[in-house]
Amino acid sequence: MKIFNTLHHFLTLLFVTATLNVSVAQLFETTIGDLANVETTRDGKALPNGHYVMLSNTLSFGPDFQIMLTELDPTGNVVNVVSLHDPGNPGTDFFANAFELDLDTAGNHIGYFITGHRWGGNTEEMILIRTDVGGYLTWAQRINVAANGTVYSESGVSIERQKNGDVVVIGRSKDLNSGARLMVASRVTATGTVIWANRYDSTVGGDLDPVESCNGVRSIRWGLIDVVAVTGKYKDATTNNTFVSLINANAGFEIYRKVYISNGAEDIGLSIVQNPNNYRYMVVGESVGSTGNSVLWVANLNGTNLNLNFANTYDLGSTFTSFAGRDVCLGLSNNTAVIAGMLNETTPIPGVFTGRTFALELPFNSTAMPAWFYSYTDSDPNPVGVESIVPVTGVAGGAPGGYFITTDAFLTAAATTDQHAIRVDATGQHHLSSCPEVPETPARNPGGQFYSVAKNKTATSWVAFDLETAARDLTEEPCAPPVAGNGTGERSDDDGAGLYGQPATHSASLFPNPVKVGSEATLTFDLPNENEVSVGVYDVAGKRHFFSVNYLSAGHQQVRIPTFDLVPGTYFVRLTTAHSRVTSKLHIQR
């Protein structure tokens, strides 16, 4: 089902073996995809057998978008790739937003539930798909987008498996006649039978744009009730704010809906999780200030009535234009929450930003600072959107307990987005010297308020449609050492560089080398065509000390590298163009 390239996987094994020690042999960071096409990651899960699976949308296998499942082994290598598509209807795109594992009563993995939408050139139709454990289609349904003369554009955004094997799927809905935005929720059995299905709107005229949900319980006088909590954006006439809705999982009626306001100009909830020890919810997202910069937004809610216990925003300072929490999961102790998201940091070049994935751990019941906070991939590939984080239990003789993070990655040389996976331990570290985690320290700003809004609902219905599954092939790009000692002092730092086309530099050299502290080294190289060229200087731990981006014409070029802020030692100078990357050693002396 997966065709491997022997040389590629020999190099992969060599790089991983050289980078990691035995105690962290199954922590990894890797980019996966067809480097000439597009994959966008939407969700990720840890499997009971120690493997991982990523849900993505792809253009790599045809003229239309397809839904793709990529399975990784415990070391991050691809073992299976399949896609879901409709070969009988050219021009129909399929997009996934979320998925859930289907498990039998013994906890064995037996399949997947996937939600998203299909697009046939007219409107979005919300879909629900069930596959077997290999990703091959069992059944598929779409929501009836026309009801009582009204046409809706709809897409599933989240899905929650229930104790008896049913799923509750949450979606967004737009009334194409009035323009009003609503929420959709349905409970469906593992065989595709609809138990209940509703659209929910606001009787006070506000728009609902759901983003994420979680299973929960509500403690009341006579026991516990199963619920699904949904968060997203509530938009009224003046601003956007966070909403949380509490839906009875068995009957489908909405118990509460409340709106939360951060201390910024506006905000949006992007994920939610419940603590099973005290039934509190934590909502994470972003709060946007008057300058347009965003900060991490965290709200702690009462599990019975959704009242606000406390709320905070976390700021990384003026050099960061964006700091947003995209997903949250329970910490391994169940008393903390672990948040993953995106950082965008300004660079010395105006209008140029560096994207990084981050993860941090917060206590559930206090306003303390993070227990740990790291950012990742401070290099190429450049993450452009984090989608999920899930806890992972330890494997005997393998990786320790920790977290699996999925994100999109933009490779400069490929100029497209690919899947990106990060596996870290319980303290947020993967111990990779070639792309190390970077400690971060935020400032906390308390503040937030809430109010209730009115609610309403109407019935919806589902109909079946056809799909097929096909096995696919992808390429892996593991996080590799910056250089390999080949005696020349330079080489491409990517074993898959040949996939990018012809090298854009015929040669690259540093002079003087060694260079004395306080002097300048000059990097010289040839460009066959005009190109955007970036030059970075990194120490042996992977920390970046210098970075420049210039658009240069064809011919012989030079870039001067200052050493005033460097201490004596060995550094790596990385030259990147649209088609290649070359890394050279630079020695600094007193």
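How many disulfides does the structure hold? Zero, with a disulfide taken as a pair of cysteine sulfur atoms within 2.5 Å.

A quick note before the views. This is a predicted model, where local features need pLDDT of at least 70, side-chain atom pairs count only at pLDDT 80 or more, and totals for chains, interfaces and linings use all residues. Residues are numbered from 1 along each chain as its sequence is written, and side-chain values use heavy atoms, with hydrogens and water left out.

**View 1. The whole chain: one helix and 45 strands.** Helices (H or I, at least four residues) and strands (E, at least two) are DSSP runs, numbered from the N terminus. Of the 590 residues in the chain, 59% are buried; buried means under 20% relative accessible area, exposed over 50%, and partly exposed in between (1.4 Å probe, protein chains only). The chain exposes about 22,800 Å², and carbon and sulfur atoms supply 52% of that. Areas like this come from the Shrake-Rupley method with a 1.4 Å probe, and for residues only the protein chains shown count as cover. As for contacts (heavy atoms within 4.5 Å), take those with a separation of 6 or more: residues 24 or more positions apart account for 60% of them.

**View 2. An open sheet of five strands, in the order β15-β16-β17-β18-β32.** The pairing here is antiparallel; two strands pair if DSSP finds at least two bridges between them. β15 (207–220) and β32 (449–452) are the edge strands, each with a single partner, so one side of each has no neighbour in the sheet. From one strand to the next the twist averages 25°, using axes that are lines fitted to C-alpha atoms (for helices over the stretch in contact) and angles from 0 to 180 degrees between N-to-C directions. Zoom in on β17 (residues 240–248) and β18 (residues 254–261), and you'll find six bridges joining the antiparallel pair. Ile-247 has Glu-254 in β18 as its bridge partner.

**View 3. The hairpin of β23 and β24.** Strand β23 (residues 320–330) is mostly covered, with eleven of its eleven residues buried. Its antiparallel pairing with β24 (residues 336–346) runs over nine bridges, and one of the bridge pairs is Gly-325 with Gly-341 in β24. Five residues sit between the two strands, and Asn-334 in the turn has a positive phi of about 70°.

**View 4. Ser-322, a residue of strand β23.** Ser-322 counts as buried because its relative accessibility is 15%. Its side chain makes a polar contact of 3.2 Å with the side chain of Ser-294. A polar contact here is a pair of N or O atoms within 3.5 Å; within protein, one must be able to donate a hydrogen and the other to accept it, and residues adjacent in sequence count only if both atoms are side-chain atoms. Leaving out residues up to four places away in sequence, Ser-322 touches Ser-294, Met-342, Leu-343 and Asn-344.

**View 5. Strand β22 and its partners β21 and β31.** Six of the eight residues in β22 (residues 308–315) are buried, so this strand is mostly covered. Six bridges tie β22 to β21 (residues 294–301) in antiparallel fashion, with Asn-300 bridged to Phe-310 in β22. The hairpin of β21 and β22 has six residues between the strands, and Leu-306 takes a positive phi near 65°. β22 also runs antiparallel to β31 (residues 443–446), joined by four bridges; there, Thr-313 stands opposite Asn-445.

**View 6. Asn-97 in strand β6 (residues 93–103).** Asn-97 counts as buried, at 14% relative accessibility. The Asn-97 side chain makes polar contacts with two other side chains: Arg-42 at 3.4 Å and Ser-155 at 3.0 Å. Setting aside neighbours within four places in sequence, the residues in contact with Asn-97 include Asp-43, Leu-55, His-117 and Arg-172.

**View 7. Ala-147 in strand β10 (residues 146–147).** Ala-147 and Thr-460 are 313 residues apart along the chain, yet their C-alpha atoms are separated by 7.5 Å. Neighbours within four places aside, Ala-147 is in contact with Tyr-152 and Arg-199.

**View 8. Two cysteines, Cys-214 and Cys-329.** Buried or exposed? Cys-214 counts as buried at 7% relative accessibility, and Cys-329 counts as buried at 5%.
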